Amino acid sequence: MNKSFRLVFIQLFLVLFISLPFSQAQDIFPVKIKLISGEIYEILDGRGARGGAYVGSSGVLLIDSKMDKKTVDETIGGIKTLTNKPIRYLINTHSDADHVDGNQYFPETVTFIAHENCRKEFFHSKRDGTPSDWNKPDLIPILPAITFLDRMDIYLGSKKIELWYFGVGHTTGMLSSISGKKRSHLLGTKYSWKDLS
Ligand SMILES: [Zn+2]
């Protein structure tokens, strides 16, 4: 970790996206959108892993898509209460179903972004050896259309969102950090406070 990179982390305000494996049996509550800091929100509840939202001056960037139509509809409705700007981008932090299955319920105008390995993992066979559902041609539009390797910057108007990849997490394509401003970082499951010191 180089010096400038470390400096960023010394100042950061952390939100850990603790994406514990999603249990089918757990109670499902309506989606809640909770302000974290500035333009950054957590997307809680619904069906699927915890997500995030970054509301920029020219649009919204979402982090992970959760799992079903009801949850996505509630997410979209919640975002509309924050801004009338469109949802432009959705970052899939990794390829587990509780982070990506909801892709199919977003409008076609949303561009999906992921690490290159994450996109490849969409096509891997399931644990029981059956082929991935993502090989179906009609699902192509909801696969990540833009991929990156080490890092990527996304501009929402004057706001810059930085995506960082630090290596293999519990999947090979796990995105580890999404930073929206100097003190606000959204982290994937790979890191904890200790890892950053
Ligand atoms: Zn996962």
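**View 1. The stretch from 189 to 197 is a low-confidence part of this predicted model.** Over residues 189–197, pLDDT (the predictor's confidence in each residue, from 0 to 100) stays under 50. The model has 12 contacts beyond four places in sequence for this stretch; a contact means that two C-beta atoms, placed from the backbone, lie within 7 Å. Helix α5 (residues 193–196) has the lowest mean pLDDT among the elements, 32, while helix α2 (residues 69–80) has the highest, 98. Residues 1–20 also stay under 50, with 28 contacts beyond four places in sequence. For the protein, pLDDT averages 80, and 73% of the residues score at least 70. Residue numbers start from 1 along each chain as its sequence is written. Because this is a predicted model, local features need pLDDT of at least 70 and side-chain atom pairs count only at pLDDT 80 or more, while totals for chains, interfaces and linings use all residues.

**View 2. Here are the seven strands of an open sheet.** Their order is β2-β3-β4-β5-β6-β7-β8, with mixed pairing. Strands here are DSSP runs of E, at least two residues, and helices are runs of H or I, at least four residues, numbered from the N terminus; strands pair if DSSP finds at least two bridges between them. β2 (32–37) and β8 (146–148) are the edge strands, each with a single partner, so one side of each has no neighbour in the sheet. Inside the sheet, β6 (residues 87–91) and β7 (residues 111–115) run parallel and are joined by 3 bridges. Look for I91, which stands opposite I113 in β7.

**View 3. Helix α2 lies across several strands.** Those strands are β2, β3, β4, β5 and β6, and α2 runs at about 130 degrees to β6 (axes are lines fitted to C-alpha atoms, for helices over the stretch in contact, with angles from 0 to 180 degrees between N-to-C directions). Which residues of α2 are buried? They are T71, V72, E74, T75 and I79, where buried means 20 or more other C-beta atoms within 10 Å, exposed means 12 or fewer, and partly exposed is in between. They cover an arc of only 160 degrees around the axis (taken from the directions from axis to C-beta atoms), which puts them on the same side of α2. The face turned away carries exposed K69, G77 and K80.

**View 4. Zoom in on D64 and K66, in the loop between β5 and α2.** Phi is near 70 degrees for D64 and near 55 degrees for K66. Most residues other than glycine have a negative phi.
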